[in-house]
Amino acid sequence: MNIILLGPPGAGKGTQAKLLTSRYGIPQISTGDILRSAVKESTYLGNKAKEFMDSGSLVPDSLVIAIIKERLSSSDCIRGFILDGFPRTLAQADALELMLSGDYRNIDHVIAITVNNEELIGRVMGRLTCKGCGRGYNSKFDPPQVVDKCDSCGSLLFQREDDSPETMRARLQVYEEQTAPLIEYYASKSLLRSVAGTGSIDEINRNLVCFLEG
Ligand code: AMP
C-alpha cells in the first residue's frame, strides 16, 4: 500500500501517518523530519536546507527528490510506505511517478486532510514535539501531563523553530501556491480522497482507514 498524505502544515499528516504506520507496518517517510535531522547534524544537506526551512519556503526540488529516491529504495519500503510532506510541488509529483514506475510501483491512495487556516494557525502555535521519541502534543488541545515533559518517555518537549506566527503565514501561502495544485493533479488521476482534519484524532483516523480499506 503506497500512500501520500497531502495537507497544509498543521493538518495532522504526521499524527495520522504514525497511526497508519502502526496499523499497516509500513514506514512513515517525512521529508520535514529527514531535513530537520540533517539540519541538527549540520550535514551538507542540512546546511543547504536550513535557510529555506527557517523562512518557511520550500527546499529546492532537486534536494528533496534525491532524499526520497534514496529512501524509497530501502528494503523496508517494499511492502508500502506513507509519504508525509512529499510531494509538495508538481515537479516533485512528476519525479515521484517517474521513479516509482522505474521499479514497477505506483501510488495507490492520496488522502488530502483539510483544515481551515484559522484553526491551523492555532494548532501550530501550540505544537510541541518530544526530543526523545518524537511524540507530538499541543499545549492547548492535547497537553502533556507534566509541563514540557513527554508522557511516554519523560524527555523534554520543544517547539519547532518554524512554528512562529510569521513563518506559519509564509508556509500557508507556500502551500496555497505550490502544493494545493497537487489536489487537482491527483484528482485527475482518480487517486484522491479528502478527509476533514477536524474532530478527534481517532475519528479522523477511522475515516482515513475507511478510505484505504473501503
Ligand atoms: P514539514 O515538517 O513537513 O512541515 O516541513 C518543514 C519544512 O521542511 C518545510 O517548511 C520546508 O521548508 C521543508 N520541506 C519538507 N518537505 C519538503 C518538500 N517535499 N519539498 C520542499 N521542502 C520541504
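**Reading the sheets, helices and ligand shell of a predicted model**

Q: What makes helix α1 a helix that lies across strands of the sheet, and which strands are they?
A: In this predicted model, helix α1 (residues 13-24) lies across β1, β2, β3 and β4 (109-114), and its direction runs at about 175 degrees to β3. Contact here means heavy atoms within 4.5 Å, and angles are taken between N-to-C directions on a scale from 0 to 180 degrees, so a value of about 175 degrees says that α1 and β3 run in nearly opposite directions.

Q: Across which strands does helix α9 lie, and at what angle does α9 run to β8?
A: Helix α9 (residues 201-213) lies across β1, β4 and β8, and runs at about 165 degrees to β8.

Q: Why are β1 and β3 called a pair, and in which sense do they run?
A: Two strands need at least two bridges to count as a pair; strand β1 (residues 2-6) and strand β3 (residues 81-84) have four bridges in the parallel sense, and therefore they qualify. Within this pairing, Ile4 stands opposite Leu83 in β3.

Q: What makes β2 and β8 the edge strands of the sheet of five strands?
A: The order of this open sheet is β2-β3-β1-β4-β8, with parallel pairing. Its edge strands, β2 (28-30) and β8 (192-196), each pair on one side only, and from one strand to the next the twist averages 25 degrees.

Q: How do you know that β5 pairs with both β6 and β7?
A: Strand β5 (residues 127-130) shares two bridges with β7 in the antiparallel sense, and three bridges with β6, again in the antiparallel sense. Both counts meet the requirement of at least two bridges, so each is a pairing. The residues illustrate this: the bridge partner of Thr129 is Phe158 in β7, while Arg127 has Asn138 in β6 as its bridge partner. The outcome is an open sheet of three strands in the order β6-β5-β7, where β6 (136-138) and β7 (157-158) are the edge strands.

Q: What is found in the turn of the hairpin formed by β5 and β6?
A: Five residues lie between the two strands, and Gly134 in the turn has a positive phi of about 85 degrees. A positive phi is also seen in Asp148, a residue other than glycine, with a value near 65 degrees; Asp148 is in the loop between β6 and β7.

Q: How do you know whether the peptide bond from Phe86 to Pro87 is cis or trans?
A: Its omega is near -5 degrees, and the bond is cis. Pro87 belongs to the loop between β3 and α5 (90-102).

Q: Why do the side chains of Arg88, Gln92 and Arg171 count as polar contacts of the ligand?
A: The cut-off for a pair of N or O atoms is 3.5 Å. Arg88 places a polar side-chain atom 3.0 Å from an oxygen atom of the ligand, Gln92 has one 2.9 Å from a nitrogen atom of the ligand, and Arg171 has one 3.4 Å from an oxygen atom of the ligand; each distance is within the limit, so each counts. Taken alone the ligand exposes 480 Å², of which the protein buries 96%.

Q: What makes up the shell around the ligand?
A: By class, the shell has six nonpolar, five polar and five charged residues. Of the 16 residues around the ligand, Thr31, Arg36, Ser57, Gly85 and Gln92 come nearest, and helix α2 (residues 31-40) gives the most to the shell, with four residues.

Terms used. Residues are numbered from 1 along each chain as its sequence is written. This is a predicted model: local features need pLDDT of at least 70, side-chain atom pairs count only at pLDDT 80 or more; totals for chains, interfaces and linings use all residues. Side-chain values use heavy atoms; hydrogens and water are left out. A residue is near a molecule or strand if one of its heavy atoms lies within 4 Å of it. A polar contact is a pair of N or O atoms within 3.5 Å; within protein, one must be able to donate a hydrogen and the other to accept it, and residues adjacent in sequence count only if both atoms are side-chain atoms. Accessible areas come from the Shrake-Rupley method with a 1.4 Å probe; for residues, only the protein chains shown count as cover. Ala, Val, Leu, Ile, Met, Phe, Trp, Tyr, Cys and Pro count as nonpolar, Asp, Glu, Lys and Arg as charged, and the others, Gly among them, as polar.
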